[in-house]
Amino acid sequence: MQQTMLENLKQSQNLKLLSQLSKMTQKKLKEPLNSQNYYDNAADWRYMSPTLFKRFMACEFSALHALENPVENDAEALIVGNFVHSYFESKEAHEAFIDAHSSSINGKNGKPKAAYVKAQKMINRLDSWHAFKAAYQGEKEAIVTGNLFGVDWKGKIDCLNVEAGLFFDIKTTRSIQDHIWNEETRTKENFIIRYNYTLQMAAYKTMLEQMYGHEFTPVVIAVSKEDHPDIQMISFDGYDFDQDLQLIKDNQEHIMNVIYGKAEPFKCGHCDYCKDTKQPTDVISVLDL
Ligand SMILES: [Zn+2]
């Protein structure tokens with residue numbers, strides 16, 4: 001069913017986007033996509049990705065600014081997440097990560113900061129989870145590429161088992177069970193839905209199926225940031241990825257036009273960059289505030 005839908009969407013895709021991409025000459029990737037250049041700004045100009053797409057969906061104005069003026073993202077939540085990920089990649093990767101980030105990990109007293117003490121607890125909990133250790137087999141940090149509705153996409157998969165048609169993604173979250181309010185849908189949603197991880201899974205699944213010609217099933221390995229970390233494997237059984245692919249199809253052309261200066265970026269009005277740059281000229285009544 002999904003395959004047919006995808007084929008139909010592909011046939012109706014706007015191929016003009018591809019030629020726009022190939023004309024993009026300012027920031028070219030010097031080598032094919034690899035683990036060294038995956039997060040480079042040039043790779044973001046060359047490939048769409050779930051992260052970049054979600055950033056543009058949230059605020060085009062801010063996403064475009066970040067793409068044009070890249071700065072290293074040193075947010076603690078990101079580094080903590082990568083600290084956990086690197087452990088399950090390999091011993092060497094984890095040691096290299098700690099070496100590279102020792103000033104972020106350790107406090108002035110030389111001991112790990114609270115966030116990393118917590119992250120170590122999460123690692124220990126996952127490490128002693130028998131079913132996870134048995135299931136989490138395959139290539140770690142596997143880079144995938146594919147074409148979604150005329151645009152080249154990239155992805156990095158935590159653990160890929162091509163033969164079994166399985167791929168795993170470790171997600172660290174405040175709580176696995178709690179539902180989080182979504183102002184847009186006016187409902188409470190679980191963390192997978194709320195943070196649009198379904199779109200990431202749909203994109204990865206599509207790219208993998210293009211690369212290998214058989215079906216792939218995503219599995220999320222969730223671990224909570226609670227004092228006593230909770231753990232759960234989460235499948236997408238019964239979930240329809242067509243809605244995520246449709247969201248990409250419906251919005252991608254406009255986003256590509258924004259990236260290539262052919263359309264004005266939409267300002268969300270409430271993100272950090274919108275607040276930093278706004279110049280309000282209107283006056284609003286206290287009753288409307
Ligand atoms: Zn904004």
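## A buried loop residue

Let us start at Phe149, which counts as buried at 5% relative accessibility (buried means under 20% relative accessible area, exposed over 50%, and partly exposed in between, with a 1.4 Å probe and protein chains only). Phe149 sits in the loop between E1 and E2 (helices, H or I of at least four residues, and strands, E of at least two, are DSSP runs numbered from the N terminus). Although Phe149 is not a glycine, its phi is positive, at about 55°. Most residues other than glycine have a negative phi.

Before going on, please note that this is a predicted model, in which local features need pLDDT of at least 70 and side-chain atom pairs count only at pLDDT 80 or more, while totals for chains, interfaces and linings use all residues. Residues are numbered from 1 along each chain as its sequence is written, and side-chain values use heavy atoms, with hydrogens and water left out.

## A second positive phi

Arg186 also has a positive phi, near 55°, and is a residue other than glycine. You will find Arg186 in the loop between strand E4 (180–182) and strand E5 (187–189). Is Arg186 buried or exposed? With a relative accessible area of 52%, Arg186 is exposed.

## The whole chain

Stepping back, the chain contains 14 helices and 7 strands. Its radius of gyration is 20 Å, close to the 19 Å that the globule rule gives for 289 residues, so the chain is as compact as a globular protein of that length (the radius is taken over C-alpha atoms, and the rule is 2.2 Å times the number of residues to the power 0.38). Taken along the principal axes, the C-alpha atoms fill a box of roughly 55 × 50 × 45 Å.

Of the 289 residues, 43% count as buried. Among contacts between residues at least 6 apart in sequence, 67% join residues at least 24 apart (contact means heavy atoms within 4.5 Å).

## The five-stranded sheet

Five of the strands appear in an open sheet: its 5 strands have the order E1-E2-E3-E6-E7, and the pairing is mixed (two strands pair if DSSP finds at least two bridges between them). Strand E1 (139–148) and strand E7 (231–234) stand at the edges with a single partner strand each, so one side of each is left without a neighbour in the sheet. From one strand to the next, the twist averages 40° (axes are lines fitted to C-alpha atoms, for helices over the stretch in contact, and angles run from 0 to 180 degrees between N-to-C directions).

Now let us walk across the sheet. E1 pairs with strand E2 (residues 151–161) in the antiparallel sense over 9 bridges, and Thr145 stands opposite Lys154 in E2. E3 and E6 pair in the parallel sense over 8 bridges. E6 and E7 run antiparallel and are joined by 4 bridges, with Val223 opposite Ile231 in E7. A hairpin of 6 residues links E6 to E7. Strand E6 (residues 217–224) is mostly covered, as 7 of its 8 residues are buried.

## Asp169 in strand E3

Asp169 belongs to strand E3 (residues 166–173). With a relative accessible area of 4%, Asp169 is buried. Which residue of E6 is its bridge partner? The partner of Asp169 is Val220.

The side chains of Asp169 and Lys171 are joined by a polar contact of 2.9 Å (a pair of N or O atoms within 3.5 Å; within protein, one must be able to donate a hydrogen and the other to accept it, and residues adjacent in sequence count only if both atoms are side-chain atoms). Leaving aside residues up to four places away in sequence, Asp169 touches Asp158, Gln200, Met201, Tyr204, Val219, Val220 and Ile221.

## Helices around the sheet

Two helices lie across strands of the sheet. Helix H6 (residues 76–89) crosses E1, E2 and E3, running at about 145° to E3. Helix H13 (residues 242–259) lies across E1 and E2, at about 125° to E2.

Helix H7 (residues 91–100) has Ala93, His94 and Phe97 as its buried residues. Seen down the axis of H7, these fall within an arc of 100°, so they line one face of the helix (the arc is that of the directions from the helix axis to the C-beta atoms). The buried residues of H7 pack against H6, helix H8 (102–105) and helix H9 (114–127). On the face of H7 turned away from its buried side are the exposed residues Lys91, Glu92 and Asp99.
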